[in-house]
Every structure is written in C-alpha cells, then in structure tokens.
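Thanks, everyone. I will put the structure up and then go through a few of its local features.

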Amino acid sequence: MSSLRLPPLSLYVHIPWCVRKCPYCDFNSHTNSGDALPESDYVDALLEDLAAEANTENLQGRQLVSIFFGGGTPSLFSAAAIARILQGAEQLIGFAPAVEITLEANPGTVEQQKFKGFREAGVNRLSIGIQSFNDAHLERLGRIHNGAEAMSAISIARQAGFDNINLDLMHGLPEQTPEQALADLQQAIDLQPEHLSWYQLTIEPNTAFHNQPPLLPVENTLERIQAQGHELLESAGFNAYEISAYARPQRQSQHNCNYWQFGDYLAIGAGAHGKITDISGQKILRSRKTRQPNDYLSRLSKGNNYLAEQFSLEAAELPLEFLMNALRLKQGVPASLFAERTGMPLKTIETHWQVLDSKNLVEPLSTGRLSCTALGHRFLDSILAEL
Ligand SMILES: C[S@@+](CC[C@H](N)C(=O)[O-])C[C@H]1O[C@@H](n2cnc3c(N)ncnc32)[C@H](O)[C@@H]1O
Ligand code: SF4
C-alpha cells in the first residue's frame, strides 16, 4: 500500500437500552426490567472510552464531521447526559464547522422539554423510528407507540427547533398490502421530513420473528411495494441516494455518507464498531467494543480497556470492503477514492470491473466514477460476489 490518505472522521455513540425489545430487531439493544438506567455511569464510561480513542496517533488532528447517537433508544437518555457526551467529544477531539449531530428517537419516548434539551445540547438532526402509522401493524411489530404518537413526535420535534428530521419507516410488514404500505409512505411525506429511510423488513436470526415467523407479503407484492413506493417518494421530491435512503436536496445524512464512502469513524459504547486509518502504519483498523452493557460498564476505570477486538484489514479484503459500501450509493463515488481509501491502485479491480461492465451491471471506468447501473443496483449481491 502506498497512497492511503486520511478520510473525514465521524463518531458513533451506542446507547444500548430500549423500553421493550421489538420482535424483529437484532441490534445490540436490551431492556432494563424496571430498573433506572445507569445513565451517569454509562456516560462516564463513554467518555473514558473516547479519551482512550483520542489518545492514539490515528486522529492526526482531525475534527469530527458528524456524530450519531444510535441504539437502542438514545432518546431514553436525558438531555443533560447527551450534553455531557457532546461537551466531552468537543474537548477531546473538536468539531468541524458544520458538524452534523444526529440522535435516534423512539416516538414512545418523546417529550417536548427533552427534545428542546437535545437541541440545546447541540443535536441538530433527529432520526425518529416511526416504522408505520398503522396501529395494527405497530402492535404486530411490538412497538411502544401508536400512529397518533408517531405523528405528534414530528410536530414536537419541529416545535423544539429541529429543522433536519429523518423518519425511519419499514415496509413488507406482516400481512401488509401495497395500499397500506403506500398509505404509510404518503403520511410520512405529508409530514414533510427532510429525509426518509425506507427499509424492507428483514427477518434476522436471534429475533422473536425468526423463532416464530410472521406471514410476510409474497415476493410479487414486495416488488410492487418497492416500485410504487420508490416512484411516490421520487415524485414527492425525495432523491434515492442509497438503497433505502431518500433525501431532499442537500439533506443526505452526512454521517451515513461517510460510512458509505469508506470514511473513518470512532465508535464508543457497548458493542460499537469502528474503523480508522492508521496512516503511519499504512493500514486500516477495525474495532469492536465489549458488547454486553454490564460488561462494558464494569470496565469503567479498569485500564480503559473497552475494546473487545481490534484487527487490521488484509489487503485482499480491502477492495470488497470499499465497494460493498461505495456501490450502495446511487451515484457511486469518484474512481480516485478507491486508491485514497484503500491504498491500492485502481487496476486491482480493473479486470473484474470489465466483466461486470460487459454485463451492464456497472458504469464503465471511463466515466471516472465507480457506480452501478440501474440493473446493477437490483443485483448488487451478484456484483459483490464477482468482486
Ligand atoms: C436501531 S433502530 C433505531 C431507532 C429506535 N430504536 C426505534 O426503533 O425507534 C434503526 C432502524 O432500523 C430499522 N430496522 C430495525 N430492524 C429492522 C429489520 N429487521 N428490518 C428492517 N429494518 C429494521 C428500523 O426502521 C429502525 O428504526
Ligand atoms: S426500539 Fe429500536 S433498537 Fe429498540 S428493540 Fe425496537 S427497533 Fe430495536
């Protein structure tokens, strides 16, 4: 490797608790069976974890371009706790001028005062987990809120001063018809968010739905939902810039774009995954923090060792790792980014790329970009297999 360059730096903060575990969810989220959350200890641990990250050579003076509080349900935490984390991050690392700070919120945990507090703490983007507005579907999904609460969460967020809001919606829900899926989307569009994440429900191992599978719409119905929903979103002015991400102009998620462009991200909190470029060693490191919240908490002041594992990516893995991310973006990435972010010459993938080009799955390299064709986006898995 010869030409690895330093990419932008983001920060992911994992808050691992939820009021109730949803039957489809395989995220590292845990219920806290009635006990108060160990909020203050957890913030202490996060800051110690971050201090250890900040104390390496790998930051190279970079400031944070984005921060994402994900979960779990970060909106369970008080605004004061979020403020402490942000103050710590600013002191330890520093913020780039237009830093994007997103917090995930569950509509069942929304209060006016709290949202105002998040805004005052510096959070400037909210991601609200709506999933559906249909009460029967919400109940089937084990959600703690109904459709009316989902609607009011957005107006509460607006009143609290948020002008950058993402709504998470899922489709392909148990026994959902295309009409119901489109009605959910239309309701979301009518609320005029800046961004919509529209995910097809997947059944993941180690979830309640996996153990007792619900009756999902058949493939044909799923395809209709996908095609008609995509059209509805585009005609409402939302641009599909990634497989499931739709944004109004200039409102793409900076944080997610940094992941997809193979940028760097520190990750703190239980089970959080990070990626960082070691520029002097010319390698890319991936890391994972201790997964169980109680184990993570027990590391507090015991030698700053929150890491469960850290390893450098093998050269042979880098092209695929890079393209698995970059090709999710509808516009792909400039071809020059391949060498900058992997440290390998573009010719490493030239032969495979030509095979894919001959099948009309990717755009020719002469475009100066690495991107899929419309056909390629439908068969992304086959492309990654070829690579
Ligand atoms: C970590 S959750 C965060 C938000 C918050 N905990 C909530 O649920 O309201 C991120 C999003 O991933 C999506 N998601 C989670 N599990 C999924 C699954 N099995 N299939 C599709 N989307 C899923 C949901 O839309 C969810 O809002
Ligand atoms: S609230 Fe969100 S993170 Fe928590 S269990 Fe449900 S989907 Fe998962």
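I will take the aromatic pairs, then two charges over rings, then a pocket and a ligand shell.

This is a predicted model. The count of aromatic pairs comes to 13. One of them is Tyr12 with Phe68, a stacked pair with 6.3 Å centre to centre and 20 degrees between the planes. This pair links distant parts of the chain, as Tyr12 is in strand β1 and Phe68 in strand β4, 56 residues apart. Tyr12 counts as buried because its relative accessibility, 14%, is under 20%. Phe68, at 10%, counts as buried too.

The next pair is Tyr296 with Tyr306, and this one is tilted, at 4.8 Å and 45 degrees. Tyr296 belongs to helix α10, residues 293-298, while Tyr306 is in the loop between α10 and β14. Tyr296 is buried at 0% relative accessible area, and Tyr306 is buried at 1%. Both tyrosines are in a cluster that ring pairs build with Trp17, Tyr42 and Phe77.

Now the charges. The charged end of Arg248 sits over the ring of Phe238, 4.3 Å from its centre. For Arg119, over the ring of Phe162, the distance is 5.8 Å.

On to the second largest pocket, with a volume of about 260 Å³. Its lining has 18 residues, and Ala52, Glu53, Thr56, Leu307 and Gln310 lie nearest the centre. Helix α1 and strands β11, β12, β13 and β14 each supply at least two lining residues. By class, the lining has eight nonpolar, six polar and four charged residues.

Last, ligand 2. The residues around it include Cys18, Cys22, Cys25, Arg20 and Arg143. That shell divides into four nonpolar, four polar and three charged residues.

Note on methods: Residues are numbered from 1 along each chain as its sequence is written. Chains are lettered from A and ligands numbered from 1 in the order in which they are written. This is a predicted model: local features need pLDDT of at least 70, side-chain atom pairs count only at pLDDT 80 or more; totals for chains, interfaces and linings use all residues. Side-chain values use heavy atoms; hydrogens and water are left out. On a 1 Å grid over the protein atoms alone, a cavity is a set of points where a 1.4 Å probe fits but cannot get out, and a pocket is an open set with protein on both sides within 12 Å along at least five of seven lines; lining residues have an atom within 4 Å of a point. Grid points are joined across faces, edges and corners, and a volume is the space filled by probe spheres set on the points. Helices (H or I, at least four residues) and strands (E, at least two) are DSSP runs, numbered from the N terminus. Ala, Val, Leu, Ile, Met, Phe, Trp, Tyr, Cys and Pro count as nonpolar, Asp, Glu, Lys and Arg as charged, and the others, Gly among them, as polar. A residue is near a molecule or strand if one of its heavy atoms lies within 4 Å of it. Rings of Phe, Tyr and Trp (its six-membered ring) pair if their centres lie within 6.5 Å; planes under 30 degrees apart count as stacked, over 60 as edge-to-face and the rest as tilted. Buried means under 20% relative accessible area, exposed over 50%, partly exposed in between (1.4 Å probe, protein chains only). A charge sits over a ring if NZ of Lys or CZ of Arg is within 6 Å of the ring centre and within 35 degrees of the ring normal.
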